Structures are given as C-alpha cells and as structure tokens.
Amino acid sequence: MGLGGCILLIGAGAILAFATDWELDTVNVDLVGWIMMLVGLVGVFVYVSIARRRRMVMSPTATVVPEDERRYQ
C-alpha cells in the first residue's frame with residue numbers, strides 16, 4: 001500500500017469516527033473508524049522507514065590499480 005492509500009485510510013477512518021452518527025446493531029462504526037486510522041498511521045510509518053532506507057547513499061568503493069598496471073591502460 002502506498003502513501004496515498006494510507007492517507008485515504010486515515011481520512012475515511014476519521015470520517016467514520018468523528019463525522020457520522022450511524023448506529024448499527026452488529027458493527028461499532030466509531031471503532032471501525034479508529035481501527036482504519038490506526039492502520040493508516042502504521043502504514044505511513046512503514047512507508048517512511050522503507051523510503052528512508054532506499055534513499056541511503058552508499059559511498060562508492062574505490063578500486064586501487066597498482067602503478068605498473070596503469071601503464072598498459
């Protein structure tokens with residue numbers, strides 16, 4: 001799930017938790033909204049940690065060529 005999907009989950013969960021007054025006999029809509037927001041936040045943190053690892057710059061390793069091999073290149 002990408003960053004957009006996580007933000008969508010957070011938004012939809014907030015709407016269910018705070019902006020609706022639906023009452024169902026079998027489902028607690030407020031709890032579903034809170035769970036969706038929690039899953040979205042976990043997704044954002046996972047996405048950010050993976051993106052940070054991908055952006056890490058590794059220093060290039062220099063190949064040392066002996067002096068006598070440089071003459072023939």
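Biologist: What makes Ala-17 buried in this predicted model?

Modeller: Its relative accessible area is 10%. Buried means under 20%, so Ala-17 counts as buried. You'll find Ala-17 in helix H1.

Biologist: Which other residues of H1 are buried?

Modeller: Cys-6, Gly-13 and Leu-16 are buried in H1, along with Ala-17.

Biologist: How do you know that the buried residues of H1 line one face of the helix?

Modeller: Look down the axis of H1: its buried residues fall within an arc of 95 degrees, so they line one face. A handy bit of background: an α-helix has 3.6 residues a turn, so residues three or four places apart point the same way.

Biologist: And what does the face of H1 turned away from the buried side carry?

Modeller: That face has exposed residues, including Gly-4, Ile-7, Leu-8 and Phe-18.

Biologist: Why is Ile-7 called exposed?

Modeller: Exposed means over 50% relative accessible area. Ile-7 comes out at 52%, so Ile-7 is exposed.

Biologist: Why is Phe-18 exposed too?

Modeller: Run the test again: the cut-off is over 50%, and Phe-18 has a relative accessible area of 56%, so exposed is the word. Phe-18 also sits in H1.

Biologist: What is the span of H1, and how does that compare with the expected value?

Modeller: H1 covers residues 3-19, which makes 17 residues. From its first C-alpha to its last, H1 reaches 23 Å, close to the 24 Å expected at 1.5 Å a residue.

Biologist: Let's move past the helix. Where does Thr-20 lie?

Modeller: Thr-20 is in the loop between H1 and H2.

Biologist: Buried or exposed, and what makes Thr-20 so?

Modeller: Buried! The limit is under 20%, and Thr-20 has a relative accessible area of 19%, so Thr-20 passes. Its side chain also reaches the backbone oxygen of Leu-16, at 2.8 Å.

Biologist: On to H2. Why is Val-32 called partly exposed?

Modeller: Partly exposed runs between the under-20% and over-50% classes. Val-32 has 32% relative accessibility, so Val-32 belongs there. Val-32 is a residue of helix H2.

Biologist: How do you know that Val-32 and Ala-17 are 7.4 Å apart in space?

Modeller: That distance goes from C-alpha to C-alpha, and the two residues are 15 residues apart in sequence. Try Val-32 with Leu-16 as well: they are 16 residues apart along the chain, and their C-alpha atoms are separated by 7.3 Å.

Biologist: What about Ile-7 and Val-44?

Modeller: They are 37 residues apart in sequence, with 7.7 Å between their C-alpha atoms. For Phe-18 and Gly-33, 15 residues apart along the chain, the C-alpha separation is 8.2 Å.

Biologist: Which residues make the nonpolar surface patch?

Modeller: Phe-18, Leu-31, Trp-34, Ile-35 and Val-39 make a patch of about 530 Å². Helix H2, residues 29-54, gives the largest share, 4 residues.

Biologist: What makes Ile-35 accessible enough for a patch, and why is Ile-35 called partly exposed?

Modeller: Patch residues need over 30% relative accessible area. Ile-35, found in helix H2, has 45%, so Ile-35 clears that limit. Exposed would take over 50% and buried under 20%, so Ile-35 with its 45% is partly exposed.

Biologist: Zooming out, how many helices and strands are there in the protein?

Modeller: There are 3 helices and 0 strands, and the order from the N terminus is α-α-α. Of the protein's 73 residues, 16% count as buried.

Technical notes. Residues are numbered from 1 along each chain as its sequence is written. This is a predicted model: local features need pLDDT of at least 70, side-chain atom pairs count only at pLDDT 80 or more; totals for chains, interfaces and linings use all residues. Side-chain values use heavy atoms; hydrogens and water are left out. Patches are made of residues with over 30% relative accessible area and no salt bridge: like charges are joined within 9 Å, nonpolar side chains (Val, Leu, Ile, Met, Phe, Trp, Tyr) within 5 Å. Accessible areas come from the Shrake-Rupley method with a 1.4 Å probe; for residues, only the protein chains shown count as cover. A salt bridge is a side-chain nitrogen of Lys or Arg within 4 Å of a carboxyl oxygen of Asp or Glu. Helices (H or I, at least four residues) and strands (E, at least two) are DSSP runs, numbered from the N terminus. Buried means under 20% relative accessible area, exposed over 50%, partly exposed in between (1.4 Å probe, protein chains only). The expected span of a helix is 1.5 Å times one less than its number of residues. The arc is that of the directions from the helix axis to the C-beta atoms. A polar contact is a pair of N or O atoms within 3.5 Å; within protein, one must be able to donate a hydrogen and the other to accept it, and residues adjacent in sequence count only if both atoms are side-chain atoms.
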